[in-house]
Amino acid sequence: MRHMVSVLMENKFGVLARISTLFAARGFNIDSLSVSETEDPAISRMTIVVKSDGSILEQVTKQLNKLVDIIKVNDFTDCATIERGLALIKINMTKSCRDEIIGLIGMFRARIVDISQDSIVTEITGDENKIDAFMKVVMPYGIKETNRTGIVALTRGNTNKAK
Amino acid sequence: MQQKTGAQILVESLLKENVKIVFGLPGGQALPIFDAIHGSKLNFILTRHEQGAAHMADGYARSTGNPGVCIVTSGPGATNIVTGLGVAYMDSVPMVAITGQVATNVIGQDAFQEADTTGITRPVTKHNFLVKDVKCLAMTIKEAFYIATTGRPGPVLVDIPIDIQREVCEFTYPNKVEIRSYKPTYEGHHGQIKKTAEIINSSQRPVLYIGTGVVVSGAEREIVEISQKADIPVTNTLLAVGAYPYDTNLSLGMLGMHGTYCANKAIQAADVIIAVGARFDDRCTGKVCDFAKKAKIVHVDIDPTAISKVICVDIPVVGDAKTVLRAMLSLIDKKKRGEWLKTIDEWKAEHPLSYDRNDNELHPQYVVEKISELVQGEAIISTDVGQHQMWSAQYYKARHSRLFLTSGGLGAMGFGFPAGIGAKFGYPDKEVIVITGDGSFQMSMQEMAVVVSNDINIKVVILNNQYLGNVRQWQEMFYNKRYSHSCLARRKGCLEWCNSPDRGKCPVYIPDFVKWAESYGVLGMRVTCKKDVEPALKKMLEIKAPVVLDIRVEREENIFPMVPVGASLDDMLIRMNG
C-alpha cells in the first residue's frame with residue numbers, strides 16, 4: 001500500500017542519511033522524496049512516499065521519531081491532504097502533431113517552457129495521478145526525457161495532525 | 001573568558017561531566033587530545049586494542065550506572081570500536097565515544113587513517129556528531145552525555161577533526177541542555193497505568209517479565225513491592241539477572257531459550273504478562289506466534305519503538321519503569337494467589353536446573369555453582385558469549401542487579417574480560433570475576449597488560465572445553481554432529497571427520513593459558529579434575545592479585561534446558577533425548 005510520511009527535522013547535515021538508512025536497512029525503496037527548508041530555516045520538511053505493509057510502516061515511523069534530529073513525523077496516509085509534484089517533460093514534436101500536443105498541454109493546464117524544431121518542453125504540476133495521466137497521453141508522441149520532483153504535501157484546513 | 005584549544009575544551013568538558021576515568025588508545029589524528037589529557041585530572045587507561053577500550057567503558061557503565069567514556073583515533077581506531085558500540089547499543093548502555101578525525105579540509109580525500117566514522121557508526125549508536133566548528137564543541141559534549149544517559153540509554157559518538165582539536169575559542173561549559181527534537185517520556189499515561197492495574201487485579205495467573213529497563217531506571221524495589229503485594233511471580237531476561245532476588249518463591253529465574261522450565265511454563269500458562277523494560281527478544285519468546293497465547297500483554301517501556309515491535313501488546317505504557325510502577329503500586333490490590341504459585345512450585349520441583357552432580361566429571365556448571373557459593377553472589381561476574389555465559393546466567397545467583405555483566409543483544413565474544421576490567425575500575429574494592437570460554441577469551445586477552453600495568457586484582461576463570469562450545473552444541477544437535485571448525489584443539493593432522501574428543505589423541509591445546517599468564521607475571525593455574533575445583537577457586541579468591549584459572553571442563557557438555565530456534569517455549573528440551 002502507498003504511504004506518505006511527512007517529517008519535520010533539524011536542517012543539518014547527516015539527517016537525510018539517517019532517514020534513508022532507516023528505510024534502506026529494512027529493504028524499503030523510497031518511491032518519492034522531497035526535502036526543503038520550511039518557513040523556519042532551522043527546520044526542514046521531508047515528504048516520503050513508500051509502498052509498505054501498514055504495521056511495518058508504523059514501526060518505521062516510530063523509529064523515525066526516535067532519531068534525535070527529527071522533530072515530528074506525520075503519517076499522511078489516511079489524511080485529507082493536498083499533494084503536488086512537478087514534472088518537466090521533453091516531448092518529440094513533428095510539425096504535423098504540434099497543434100495536438102499544444103492542445104493536450106492546454107487541457108492539462110501544463111505550460112510550455114521551451115520549444116525547438118523537433119521538441120517541446122512542458123512543465124506540469126499536480127498530484128501523482130495527474131502527472132501520470134498526462135505522461136500517458138503524450139507517450140505516443142515520444143518522450144525524450146523527463147525529470148519529476150518528489151511529492152510535497154500539506155494537510156487541508158485545520159487538520160494539522162495526522163491520525 | 002578563557003581561551004582554550006578544542007582538545008582542552010574536550011578534556012575540561014569531560015571533567016565538568018564528572019568523568020573520572022577514560023579508556024582508550026592514542027593515534028595520529030587524536031594527538032592534540034592526548035596532549036591535553038597528559039597531566040590533566042582525567043584518569044586515562046591505556047588499552048591494548050580499541051575494542052577493549054569500548055568494552056571497558058561499557059563494563060564500567062553497566063556496573064556503576066554512570067556513562068562510560070572511551071577516546072580513540074581516526075580510521076582504524078574508530079572502526080575497532082564498532083563492535084563495542086554495537087554491544088552497548090543493543091543492551092542500552094550509556095557510553096560516550098570520542099574519535100579523532102582527519103582535518104576538515106581533507107575529509108573525503110581518502111586521507112591517511114580517514115574513515116567515515118559517523119557513517120559507519122550510525123546504525124550502532126543512539127546518535128553521533130561530527131564537530132565542524134570548535135565553538136560548538138562544548139555544547140556537543142553536553143548534548144552527547146545528555147542523549148547517552150537519558151531515555152533509553154545508548155552510546156553516542158563524537159567525531160572531532162584534528163584542526164578542530166587545535167583551534168582556539170572561548171570556553172564556557174553550558175549548564176543546561178535542551179534539544180527540541182529529543183524529549184523522552186518519563187511519566188506513563190495515567191489511563192494506561194489504571195488499565196494495567198485493573199487487568200492485574202482481575203488476573204488469575206499473572207507473570208512479571210523484567211528486563212534491563214528495570215535496572216536502568218533503578219526500579220528493582222518497585223518490582224519487589226508489586227510482586228509481593230499482588231503475589232506475582234517474576235521472570236528475568238539475561239540482562240536482568242540479579243534484578244529480582246532468587247531466594248523467594250516468586251522468583252522464576254530466567255526465561256527463554258536457556259531459561260528455566262518453570263519460567264517458560266509460567267509464561268505459556270499466564271493470563272496476564274506485565275513486561276517491564278524488556279523487549280521480547282527472540283531468545284526470550286521462542287516462536288513468536290506461540291508465545292503466551294493465553295495472555296493479555298502489558299508492556300512498560302521508555303522506548304516507544306520497543307512496543308509492539310515483536311509481539312502485539314494489549315496495553316502499552318510508554319514511560320520510565322520506576323515512575324510508572326510507583327504510580328501503579330497504589331492501584332494494585334493486595335492479593336494471594338495460592339493456586340497459581342502452587343502450580344509454579346510443582347513446575348520448579350518437576351524440572352529444576354540440573355546437571356549430573358553425582359559423577360566425577362568436571363562439569364562447567366559445577367564451577368559456576370561453586371563460585372556463586374564462595375562469593376555468596378556478591379561478586380561482579382563478567383561473562384563472554386557462549387555456553388559458559390548461559391551456565392553463568394543459570395547458576396550464578398547474583399544478590400542484586402549490576403553484578404552480572406554480559407553482552408546480551410549483540411552477543412559479542414571478547415566482551416567479558418575488558419568489561420570486567422572496566423567494572424573493576426568502577427568498583428576497585430569489589431571482587432570481579434570474569435567467567436569466560438577458551439574461544440571468547442582469545443578474542444581480547446591482550447588486555448591482561450591493562451590489568452598488570454594498573455595493578456588491578458581481577459580473576460579470570462576459563463571454562464575450557466577446547467571448543468567453540470555453543471557452535472559445537474548446535475552442530476551436535478542440528479547438524480548431525482558435523483563439527484565444522486568448532487574445535488580449537490584441532491591441528492593439521494587431525495582426522496578430517498573428527499567428531500568426538502579423544503583426550504589421548506587430541507593435540508595439546510594452545511595457548512597454554514598458565515604459561516601465558518606467567519608471561520605477564522600473573523599466576524596461572526590449571527584444574528583438570530572435579531576435586532581440585534573448590535581448592536583452586538578458594539586459593540584464587542584469597543590471593544590479592546590477578547589470577548587466571550584454566551579449568552579443563554567436560555568437553556561435550558551441553559546447555560539445558562533448551563528451546564531450539566524456531567520452536568515454541570512449550571517445546572523445551574530438558575535434556576539431550578528430550
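In this predicted model, Ile332(B) touches Ala197(B), Ile200(B), Asn201(B), Ile226(B), Lys229(B) and Ala230(B), leaving aside residues up to four places away in sequence. Ile332(B) sits in the loop that runs between helix H14 (321–329) and H15 of chain B. Its surroundings hold 18 other C-beta atoms within 10 Å, so Ile332(B) counts as partly exposed, since a buried residue would need 20 or more and an exposed one 12 or fewer. For a sense of scale within chain B, the C-alpha atoms of Ile332(B) and Trp474(B) are separated by 44 Å, with these positions 142 residues apart along the chain.

The helix that follows this loop, H15 (residues 338–350) of chain B, packs against helix H12 (residues 261–269) of chain B. Two numbers serve to describe such a pair of packed helices: the angle between the axes and the distance between the axes. Here the angle is about 145° and the axes are 8 Å apart. The crossing of H12(B) and H15(B) is right-handed. On the H12(B) side, the residues that meet H15(B) are Tyr261(B), Cys262(B), Lys265(B) and Ala266(B). Their partners in H15(B) are Ile344(B), Trp347(B), Lys348(B) and Glu350(B). Sorted by class, this contact of H12(B) with H15(B) consists of five nonpolar and three charged residues, with no polar ones.

Turning to the interior, the largest nonpolar core contains 177 residues. The members that touch the most other members are Leu10(B), Cys70(B), Ile210(B), Ile273(B) and Val461(B). Helix H7 (residues 137–149) of chain B gives the most to this core, with seven residues. Ile210(B) can be followed in detail: leaving out residues up to four places away in sequence, Ile210(B) touches Ile223(B), Val234(B), Asn236(B), Ala240(B), Ala243(B), Tyr244(B), Val276(B), Gly277(B) and Ala278(B). Another core lies apart from the largest one and has 18 residues, including Val7(A), Val15(A), Ile48(A) and Ile70(A).

On the level of domains, chain B is divided into domain 1 (2–170), domain 2 (190–350) and domain 3 (364–552). Taken over C-alpha atoms, the centres of domain 1 of chain B and domain 3 of chain B are 30 Å from each other. Where these two domains touch, 24 residues of domain 1 of chain B are in contact with 26 residues of domain 3 of chain B. On the domain 1 side, strand S2 (21–24), helix H3 (50–64) and helix H5 (82–90) of chain B each supply at least two residues. H3(B) gives the most to that side, with 11 residues. The residues on the side of domain 1 of chain B that touches domain 3 of chain B comprise eight nonpolar, 12 polar and four charged.

Chain A has 163 residues, of which 26% are buried. Its secondary structure comes to four helices and nine strands, arranged along the sequence in the pattern β-α-β-β-α-β-β-α-β-β-α-β-β. Along the principal axes, the C-alpha atoms of chain A fill a box of roughly 60 × 30 × 30 Å. Among the contacts in chain A between residues at least 6 apart in sequence, 77% join residues at least 24 apart.

Chain A is divided into domain 1 (2–75) and domain 2 (82–152), and the C-alpha centres of these domains lie 29 Å apart. Their contact draws on six residues from domain 1 of chain A and four residues from domain 2 of chain A. In domain 1 of chain A, strand S2 (30–37) and strand S3 (43–51) are the elements that give two or more residues to the side touching domain 2 of chain A. S2(A) provides the largest share of that side, three residues. By class, the side of domain 1 of chain A has three nonpolar and three polar residues, with no charged ones.

Finally, the two chains meet in a contact that takes 14 residues from chain A and 12 residues from chain B. On the chain A side, helix H1 (15–25), helix H2 (54–66) and strand S4 (70–75) each supply at least two residues. The residues of chain A that touch chain B divide into five nonpolar, four polar and five charged.

Definitions and conventions
Residues are numbered from 1 along each chain as its sequence is written. Chains are lettered from A and ligands numbered from 1 in the order in which they are written. This is a predicted model: local features need pLDDT of at least 70, side-chain atom pairs count only at pLDDT 80 or more; totals for chains, interfaces and linings use all residues. Two residues are in contact if their C-beta atoms, placed from the backbone, lie within 7 Å. Ala, Val, Leu, Ile, Met, Phe, Trp, Tyr, Cys and Pro count as nonpolar, Asp, Glu, Lys and Arg as charged, and the others, Gly among them, as polar. Domain bounds come from an automatic or database domain assignment. A nonpolar core is a set of buried Ala, Val, Leu, Ile, Met, Phe, Trp, Tyr and Cys residues joined through C-beta atoms within 7 Å. Axes are lines fitted to C-alpha atoms, for helices over the stretch in contact, and angles run from 0 to 180 degrees between N-to-C directions. A crossing is left-handed if the near helix is turned anticlockwise from the far one by less than a right angle, and right-handed if clockwise.
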